[in-house]
Amino acid sequence: MARFLLKHLLFLGLTLVVVSFLVFVLTELTPGDVARKYLGAYATQEQVDLLTRQMGLDRPVVVRYVEYVGKLLSGDLGDSTRFRVPVKDIIFDRLRNTGLLALVSFALIVPLSMALGVAAGMREGSVLDRGIVLGSAILASIPEFALGVFLASIFVVTLGWLPGTATLQAGGRWSIAAQMALPVAVIVLFDMGYVVSMVRASMVEVMRRPYIRTAILKGMSFRQVVLGHALRNAMINPVTVILLQINYLISGVVVVETVFAYPGFGRMMLEAALFKDIALVEVGALVAVTVAVLTQVLGDLAYRLLDPRLRS
């Protein structure tokens with residue numbers, strides 16, 4: 001297990017080095033645009049050239065990359081040209097907001113997906129199974145923005161029960177919980193459709209195994225067979241998929257955050273990319289890669305813990 005963790009940590013370090021260099025090079029290929037965006041469209045070319053020299057963007061890329069890595073290691077993440085504050089003051093705040101959204105969504109996705117997937121897989125071909133499969137397919141095929149607009153048209157425009165935005169500003173008409181209701185609902189419905197299908201497929205496969213039929217023939221109740229034999233084995237494959245949803249919930253909910261004006265990490269990265277905020281894009285990319293690799297490690301680790309054959 002120690003060798004397993006060490007290998008993945010080394011892979012994480014190598015990945016961060018490669019990604020940081022690629023992002024650094026790609027975002028700084030046109031340094032003049034950075035100064036132009038910072039000063040505005042009406043700045044003169046002399047002002048743009050002066051700011052470019054002051055920011056050090058006229059020096060070789062390799063030199064600036066080495067300095068950039070040194071600053072990162074010392075805790076200096078740079079300054080955001082989009083928000084006019086240090087990167088660490090904006091990125092951790094947005095990560096905290098997205099983390100809250102991800103935590104609430106994940107706490108709903110996992111139990112609901114497991115319950116529906118297991119219920120469908122236990123009774124393959126039944127009316128319940130077909131209904132769950134059809135509902136999951138429909139939810140997984142609807143784009144997030146369309147689902148968000150549909151729910152907003154019902155609960156915001158027609159019924160007036162919920163706010164149309166989630167700015168996380170307390171003290172007004174709507175509480176924080178009410179503001180988060182629609183973003184969470186969109187994420188849960190969209191993501192749950194895929195996870196339910198994976199859990200159901202794994203449960204169906206396990207229920208067809210010979211040892212399940214043997215347990216039933218020995219006189220065990222259907223409940224005992226499912227809880228004692230089928231459920232644990234059925235979770236071996238879906239657990240990796242479930243843990244990988246953490247990466248989506250942190251880095252992939254850009255559309256949901258944009259539709260509902262949610263001040264999260266994904267929306268911040270979109271604004272930073274559009275504004276060519278180099279420092280923020282670079283740090284945000286490193287955070288996204290770190291989350292992706294760590295969730296992969298967690299998935300592999302959970303797979304090894306559930307399947308004793310991989311530990312032998």
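Between which helices does the loop that holds Gly160 lie? In this predicted model, Gly160 is placed in the loop between α7 (144–158) and α8 (176–207). Local features were accepted at pLDDT of at least 70 and side-chain atom pairs only at pLDDT 80 or more, whereas totals for chains, interfaces and linings use all residues of the predicted model. Residues are numbered from 1 along each chain as its sequence is written, and side-chain values use heavy atoms, with hydrogens and water left out.

The protein has 14 helices and zero strands. Helices (H or I, at least four residues) and strands (E, at least two) are DSSP runs, numbered from the N terminus. The C-alpha atoms fill a box of roughly 85 × 55 × 30 Å, taken along the principal axes. Of the 312 residues in the protein, 40% are buried; the term buried denotes under 20% relative accessible area, exposed over 50%, and partly exposed in between (1.4 Å probe, protein chains only). A contact is defined by heavy atoms within 4.5 Å. Among contacts between residues at least 6 apart in sequence, 72% join residues at least 24 apart.

The loop between α7 and α8 was examined at two positions. Gly160 is partly exposed, its relative accessible area being 28%. When neighbours within four places in sequence are left aside, Gly160 is in contact with Phe155, Arg173 and Trp174. Leu168 also lies in the loop between α7 and α8, and has a positive phi of about 60° although it is not a glycine. Most residues other than glycine have a negative phi. A positive phi, near 55°, is likewise found for Ala261, a residue other than glycine. Ala261 belongs to the loop between α12 (254–259) and α13 (265–275) and is partly exposed, with a relative accessible area of 21%.

The two helices that flank the loop of Gly160 also pack against each other. The axes of α7 and α8 come within 10 Å and cross at roughly 135°; axes are lines fitted to C-alpha atoms, for helices over the stretch in contact, and angles run from 0 to 180 degrees between N-to-C directions. The helices α7 and α8 are therefore oblique to each other. In this classification, angles under 35 degrees count as roughly parallel, over 145 as roughly antiparallel, 65 to 115 as roughly perpendicular and the rest as oblique. The crossing of α7 and α8 is right-handed; a crossing is right-handed if the near helix is turned clockwise from the far one by less than a right angle, and left-handed if anticlockwise. From α7, the contact is formed by Glu144, Leu147, Gly148, Leu151, Ala152, Phe155 and Val156, and from α8 by Leu182, Ala185, Val186, Leu189 and Phe190. By class, the contact of α7 with α8 has 10 nonpolar, one polar and one charged residues. Ala, Val, Leu, Ile, Met, Phe, Trp, Tyr, Cys and Pro count as nonpolar, Asp, Glu, Lys and Arg as charged, and the others, Gly among them, as polar.

Helix α8 packs also with helix α11 (residues 236–251), at an angle of about 165° and with the axes 9 Å apart. This angle makes α8 roughly antiparallel to α11, and the crossing of the pair is right-handed. Residues of α8 in the contact include Phe190, Tyr194, Met198 and Glu205, and those of α11 include Asn237, Val241, Gln245 and Tyr248. The contact of α8 with α11 has 11 nonpolar, three polar and two charged residues.

Helix α11 is in addition packed with helix α5 (residues 87–122), the axes coming within 9 Å and crossing at roughly 145°. The crossing of α5 and α11 is right-handed. In α5, Leu95, Thr98, Gly99, Ala102, Ser105, Phe106, Ile109, Val110 and Met114 meet Ile242, Ile246, Leu249 and Ile250 in α11. This contact has 10 nonpolar, three polar and no charged residues.

Two buried residues in helices were considered individually. Gly121 is placed in helix α5 and is buried, with a relative accessible area of 2%. Leaving aside neighbours within four places in sequence, Gly121 is in contact with Arg200, Met203, Val204 and Met207. Ser20, in helix α1 (residues 2–27), counts as buried at 8% relative accessibility. Ser20 touches Tyr65 and Leu286, residues up to four places away in sequence not being counted. The side chains of Ser20 and Tyr65 make a polar contact (2.8 Å), that is, a pair of N or O atoms within 3.5 Å; within protein, one must be able to donate a hydrogen and the other to accept it, and residues adjacent in sequence count only if both atoms are side-chain atoms.
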